[in-house]
Amino acid sequence: MKLHISQPLKRSYWQESVVSIKPCPPMVGDSRAEVAIIGGGFVGLWTALTVKQHEPDCRVVVLEQDICGGGASGRNGGFVMSWWPKISTIRSFCSVEEALFLGRRAEEAISELGEFCNQHGIDSHFMQKGWLWTATTPAHVDSWNGTLHACEKLGVAPFQRLSPDEVRRRTGSPAHLGGVFEASNATVQPFALVQGMRRVALAAGIVIHENSGVSQIEPGQPSRIITQGGALTADKVVLATNAWSATIPELSGLFTPVNSSIVTTKPLGAHLEQIGWTGGESITDSQLMVDYYRTTRDGRIAFGKGTGAMAYRSVIGGVFSDDAESIALTQADLFATYPMLSPDAVADSWSGPVDRTYDSLPVFGSLRGHPNIFYGIGWSGNGVGPSRLGGRILASLALGRNDEWSRCSLVGRTCKNFPPEPFRYLGGKMVRNAVLRKERAEMQGKSPARFDKLLARLAPSGLEDKS
Ligand SMILES: Cc1cc2nc3c(=O)[nH]c(=O)nc-3n(C[C@H](O)[C@H](O)[C@H](O)COP(=O)(O)OP(=O)(O)OC[C@H]3O[C@@H](n4cnc5c(N)ncnc54)[C@H](O)[C@@H]3O)c2cc1C
């Protein structure tokens, strides 16, 4: 089974703004692991840490092609979210009890992350100031109603309705026409978090090899994992390779890598206070190509957009590193939301890959015919918080534990598949462009073309379930 190794992606502001640490040495020669984890992002590191927690003597080896956090984990918006915004979709494939289990555990994982950082002295800029789910055009007002009703039916109330004036006051932007607030959500400096987790992992005796891209897995009991410098023999293998997993035929249908891009401003100082966005809330609008924005500890705005740009054959290259068209779209939305910013406010920008499933929730399992090779993919733009649960699920699967995690409804669930190439790319591009035109029309208060509305219905669902 061949794996794709990519060049390092353009470094993000988060990666550039912390002191760089010496990479762990690459793998050289032959080595042995009980659990091998491919990918040193949040999913790989949480899995490694959880395996060690269950079985301290287990030999766990993480292989990362770049540096830990070189992928999505070091280049995301840093929103630490729950799964309550997706509760209707979760309910569509599991029981009330199981939906509540996943919803509550995902919410708890946010505070647990703060406690983990405190316990280990990780300065991840963790700030639990809540999330505002807003509307920026009349067509999107109340798009949260279905989710709030689904929560009500389950007897939970994670969201609070806010008046339009209150939303405008808190966000400091006249673009916001309404919204709801989920208080449990947090933000982090994602790369600082990865670095902290990496340090904790090394201290726990987990072996990490960076600059150790895996080119091939020879499945078997045990499996052999081939890197440029050596071979690792492993009883269990965990694929924590996020969007890069799209080159594995069995996984390629489950998700498609799409672009998300972020621009950051210079530190805004007193200007941020004049704008009025001083409460530290993270914010999204209600577009399918979602705008997500938050402030940073040094007073910048980090403004992202899920632009949905794709690459032929899902190869992780330029489209997912520094895509000019996507960054221009993101920047335009930043200035539309905060028109008071000066035109030279932007300081940095980058792109990254999001592993989007059709319903925007992850899926776990083992590869067909290879019961010792596990995967967990499809975070769909909400992986910072939930990856902790993903680590529990993958650790339980890898250790053969029969528990609430290995039995949970995300394991082995049936997912709608994406078509193979070239239909995936050509069809995906058509649908994406229709969504773009539809949302552009909506944002301008115009009625979208019927054809665009029809095509847009074929798009995968978004970060939140919208009504
Ligand atoms: C621009 C952007 C903004 C986002 N914003 C948010 C947000 O605000 N909140 C949120 O919750 N989520 C967000 N996400 C999603 C979130 O970042 C991911 O869900 C999460 O980081 C996934 O973690 P991971 O470990 O699966 O992936 P990654 O961090 O991508 O880790 C996978 C690793 O595997 C390595 N790898 C791949 N192939 C190989 C190979 N052959 N050999 C060895 N190593 C390999 C890669 O180099 C990479 O480091 C965003 C994503 C992007 C791109």
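**Exercise 1. Decide whether Asp142 is buried, partly exposed or exposed.**

Solution. Asp142 has 16 C-beta neighbours inside 10 Å, so it counts as partly exposed. The cut-offs: a residue is buried with 20 or more other C-beta atoms within 10 Å of its own, exposed with 12 or fewer, and partly exposed in between, the C-beta atoms being placed from the backbone. Next, find its place. Asp142 sits in the loop between β4 (131–135) and α5 (145–154). Helices (H or I, at least four residues) and strands (E, at least two) are DSSP runs, numbered from the N terminus. Last, look at the backbone. Asp142 is not a glycine, yet its phi is positive, near 70°.

Two notes before going on. Residues are numbered from 1 along each chain as its sequence is written. The model is predicted: local features need pLDDT of at least 70, side-chain atom pairs count only at pLDDT 80 or more, and totals for chains, interfaces and linings use all residues.

**Exercise 2. Do the same for Asn211: find its loop, its phi and its exposure.**

Solution. Asn211 lies in the loop between β8 (207–209) and β9. Its phi is positive, about 50°, although Asn211 is not a glycine. Now count. Asn211 has 19 C-beta neighbours inside 10 Å, so it is partly exposed.

**Exercise 3. Locate the cis peptide bonds before Pro222 and Pro422.**

Solution. Start with Pro222. A cis bond links Gln221 to Pro222, with omega about 5°. Pro222 is in the loop between β9 (214–218) and β10 (223–227). Move on to Pro422. Here the cis bond links Glu421 to Pro422, and omega is about 5°. This proline belongs to the loop between α11 and α12.

**Exercise 4. Describe helix α12 and find out where its buried residues lie.**

Solution. First, the length. α12 (residues 423–443) has 21 residues and spans 29 Å from its first C-alpha to its last. That is close to the 30 Å expected at 1.5 Å a residue; the expected span is 1.5 Å times one less than the number of residues. Second, the buried residues. They are Arg424, Gly428, Arg432, Ala434, Val435, Lys438 and Glu439. They cover an arc of only 160° around the axis, so they lie on the same side of α12. The arc is taken from the directions from the helix axis to the C-beta atoms. Third, the cover. It includes β12 and α13 (450–456). Finally, the residue that follows. Gly445 comes after α12 and has a positive phi, near 75°.

**Exercise 5. Place Gly381 and list its contacts.**

Solution. Gly381 is in the loop between β18 (370–377) and α11 (387–398). It has 23 C-beta neighbours inside 10 Å, so Gly381 counts as buried. Beyond neighbours within four places in sequence, Gly381 contacts Ser260, Gly306, Val354 and Leu463. Contact means C-beta atoms, placed from the backbone, within 7 Å. Compare Asn402. Gly381 and Asn402 are 21 residues apart in sequence and 29 Å apart in space, C-alpha to C-alpha.

**Exercise 6. Which residues have the most contacts inside the largest nonpolar core?**

Solution. They are Val35 and Ala36, and this core has 120 residues. Helix α4 (residues 96–120) gives the largest share, eight residues. A nonpolar core is a set of buried Ala, Val, Leu, Ile, Met, Phe, Trp, Tyr and Cys residues joined through C-beta atoms within 7 Å. Leaving out residues up to four places away, Val35 touches Val51, Cys58, Val60, Ala234, Lys236, Val238 and Ala398.

Conventions. Two residues are in contact if their C-beta atoms, placed from the backbone, lie within 7 Å.
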